[in-house]
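Please find below some notes on the model, set out as numbered points. They go from sheet and helix packing to a single loop position.

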There are 2 protein chains.
Amino acid sequence: MRTDVCDRLGIEFPLFAFSHCRDVVAAVTNAGGFGVLGAVAYSPERLDEELRWIDAHVGGRPYGVDVLVPAKIDDSAERAARGEGGLDTMLAAVPEQHWSFLVDLFGRYDVPLPDFEKAKRAGTSARGAGTQVTARGATELIDVSLAHPIGLIASALGTPPPLMVERAKERGVPVAALVGTAEHARRQVAAGVDLIVAQGGEAGGHTGEISTMVLVPEVVDTVAPLPVLAAGGIATGRQMAAALALGASGVWCGSVWLTTEEAETPPQVKEKMLAATSRDTVRSRSRTGKPARQLRSAWTDEWEGPGSPGALGMPLQMIIAEGAMRQINKVAETGNPGARALANYFVGQCVGQMNAVRPARQVVYEMVEEFATALERLNAITAG
Amino acid sequence: MRTDVCDRLGIEFPLFAFSHCRDVVAAVTNAGGFGVLGAVAYSPERLDEELRWIDAHVGGRPYGVDVLVPAKIDDSAERAARGEGGLDTMLAAVPEQHWSFLVDLFGRYDVPLPDFEKAKRAGTSARGAGTQVTARGATELIDVSLAHPIGLIASALGTPPPLMVERAKERGVPVAALVGTAEHARRQVAAGVDLIVAQGGEAGGHTGEISTMVLVPEVVDTVAPLPVLAAGGIATGRQMAAALALGASGVWCGSVWLTTEEAETPPQVKEKMLAATSRDTVRSRSRTGKPARQLRSAWTDEWEGPGSPGALGMPLQMIIAEGAMRQINKVAETGNPGARALANYFVGQCVGQMNAVRPARQVVYEMVEEFATALERLNAITAG
């Protein structure tokens, strides 16, 4: 297989794997695809470690990094990132009723409360979730990334800041950006992006509402001749063939890796994903403050329910949710039924097709093989 | 082009056109596709007339009819259809606050009120909207349809009643059914359906939430070896190629015909559609009582707004909405700005790609041509 993107990035298959797990990134890159490490959960130091590990495991094959630079965030996070008031400023911005809702929720589900005070002191909850998604937090991650031999840097949400585009171009690293509408794509092109990822509303994580089937051709026509990767609802070779038929130069997959052997997905969440149908996801603001598709669970139901104070914005909701989720996952592993009911994770509608644990390498090969079969079928139809 | 569906139905292109307009049905059938007349808006007498017209204009080429048989409807509609209490029973079931909301709405938008009393007496509003969607109403339409040389009868919503399947099979007419989930598809197969239309959430009209990209392969795998048509988000040849790559045996398109030369779409709604982007639709219960994708307009906004009493179920909401919409469209044609703001119609997200008025025949030919181009591109990628 060969598209403009394959030539540009030096890959065999135009199949991109977005993952927070370095093992998945390396496995896909080594299988001929292109692994992209999601950096948002990492501190700069930790990211550097992960990238050194990847460098040591891909033998010079290309991989990339994805950072989250949202357009609109709560002021207190920016101030905290600038060292003004520190993390306390940000934590203080979480209304009391949200903390009480959380305390009550844990009580009702019989899950021991996380030690929020300890988390506050260590700064892990807030650091991990809050400051990285500020422009300043993201800048540190960008600098760390560009010090490695990466083949692509991507902006997961919103237009990449000029600094990101400039520094990447200085080093000859192409810049990608995720978009959910043709208008966003136009803005990204104006900002100097080299590669557009058109992500349909069926995708996991932060999404819009326009489906992949409609969005991809719109974006392709809008940004031509820039290449477009299709994202959202793509977990099989048939879907990959469909995406390329729509005009995409490749596919960007996130969900499908979450149930691979390599994935760091907590075991109880992996189980839920393997059992889930395509109806078991929901677009909810309850984890990050922005609409993000995820497994429907007691967590999303409760935040939509009558007693809920409503989700906060980003990153305040992340501060609440990530600390809580860490505890929920820890407790769920002991078999606690309340914690198991609450546990969830970002995933797209294609979770219904994720029914077996496979090595990431095998996912790549099976997608490429099924792509070929789908194309043969299309050719037979026209030859008919 | 040739799929199992082409062979079974005797058509050149596996491209199905769902339309309430007989001219579109005939034009697509005559162009080598398969026109399907949506019968829900018609009385049995009127449907018979329309089908006679089609018979006279397609020279024996195959076409079909689509009826709406919902699984759950308000009791008063069934009773009215059985002649128990008549239309008054149904009209009496509409709460007073819904009528007042409507009166207030028309006042605020400066649109003269429709003569609801007159409409009640004539029974047109309620007949057109209410009784046809009951099992008894649908049965009459089925009998009228089967008296014509139709090549397919489709159930737009819910499992077709045994009577529909039996009578169709007696006459050797294949039965199709629209589904929004793999579970629905399983039920339809058990009910004896011959052809499944897997309709993604991006489609116009009554839809679920699972996107075409995810739904089609799921349904194909669920009902194999029964053929599946893909619906939702398909208005171009690239999208048709994508649908067939997903495993579909053909495509079922509704929205794309609404801006054709032949379409009976009210002029101000046609204008809105030509100007709309893919972001300008919404899934709303405000027209039929069930979630249906349509143009977002002041009508959908007001029914979602703070003063709204909330949409009723089907068919009561249809009684309110269809009478109101008929008046809105009539008044909008005089240039009334309030009526133009309120006007809308069912349409899918692919409305963003409907930017020019074309003859229906041309839409068919352009889709087939673009399909071939998309396939050439795919072949070039693998030859790469």
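1. In this predicted model, helix α11 of chain B, residues 182-190, lies across strands β5 and β6 of the same chain. The direction of α11(B) is at about 160° to that of β5(B). Strand β6(B) covers residues 195-199.

2. The strands under this helix belong to a barrel in chain B. Eight strands close the barrel, in the order β1-β2-β3-β4-β5-β6-β8-β9, and their pairing is parallel. From one strand to the next, the twist averages 25°. Helix α10(B), residues 162-170, also packs on the sheet, where it touches β3 (63-67), β4 (152-155) and β5 (175-179). The angle between the directions of α10(B) and β4(B) is about 170°.

3. Which strand does β1(B) join through three bridges? The partner is β9(B), residues 250-253, and it runs parallel to β1(B), residues 15-19. Within this pair, Ala17(B) has Cys253(B) as its bridge partner.

4. Turning to chain A, the program assigns 18 helices and 11 strands. The chain has 384 residues, of which 62% count as buried. Taking contacts between residues at least 6 apart in sequence, 66% join residues at least 24 apart.

5. Strand β8(A), residues 228-231, is covered on both faces. Val228(A) and Ala230(A) are buried on one side, and Leu229(A) and Ala231(A) are buried on the other. Strand β6(A), residues 195-199, is joined to β8(A) by four bridges and runs parallel to it; here Ile196(A) is paired with Val228(A). Strand β9(A), residues 250-253, pairs with β8(A) over three bridges, again in the parallel sense. In that pairing Gly250(A) is opposite Leu229(A).

6. Helices α2(A), residues 22-30, and α3(A), residues 44-57, have axes that come within 10 Å and cross at roughly 30°. Because the angle is under 35 degrees, α2(A) counts as roughly parallel to α3(A). The crossing is right-handed. On the α2(A) side the contact uses Arg22(A), Asp23(A), Val25(A), Ala26(A) and Asn30(A), and on the α3(A) side Glu50(A), Trp53(A), Ile54(A) and His57(A). By class, this contact has four nonpolar, two polar and three charged residues.

7. Between the chains, helix α13(A) packs on helix α13(B), each spanning residues 237-245, at an angle of about 170° and with the axes 8 Å apart. That angle is over 145 degrees, so the two helices are roughly antiparallel. The contact is made by Arg238(A), Ala241(A), Ala242(A) and Ala245(A) from α13(A), together with Arg238(B), Ala241(B), Ala242(B) and Ala245(B) from α13(B). The class count for this contact is six nonpolar, no polar and two charged residues.

8. Is Thr260(A) buried or exposed? This residue lies in the loop between β9(A) and α14(A), the latter covering 267-275. Thr260(A) has a relative accessible area of 1% and is therefore buried. Leaving out residues up to four places away in sequence, Thr260(A) touches Val24(A), Lys270(A), Val357(A), Arg358(A), Pro359(A), Ala360(A) and Val363(A). Thr260(A) and Met354(A) are 94 residues apart along the chain, and their C-alpha atoms are separated by 9.2 Å.

Conventions:
Residues numbered from 1 in each chain as written. Chains lettered and ligands numbered in written order. Predicted model: local features only at pLDDT ≥ 70, side-chain atom pairs only at ≥ 80, totals over all residues. Heavy atoms only, no water. Axes fitted to C-alpha atoms, helices over the stretch in contact; angles between N-to-C directions. Parallel < 35°, antiparallel > 145°, perpendicular 65-115°, else oblique. Left-handed = near helix turned anticlockwise from the far one by under 90°. Contact = heavy atoms within 4.5 Å. Nonpolar A, V, L, I, M, F, W, Y, C, P; charged D, E, K, R; others polar. Pairing = 2+ DSSP bridges. Buried < 20%, exposed > 50% of the residue type's maximum accessible area, 1.4 Å probe, protein only.
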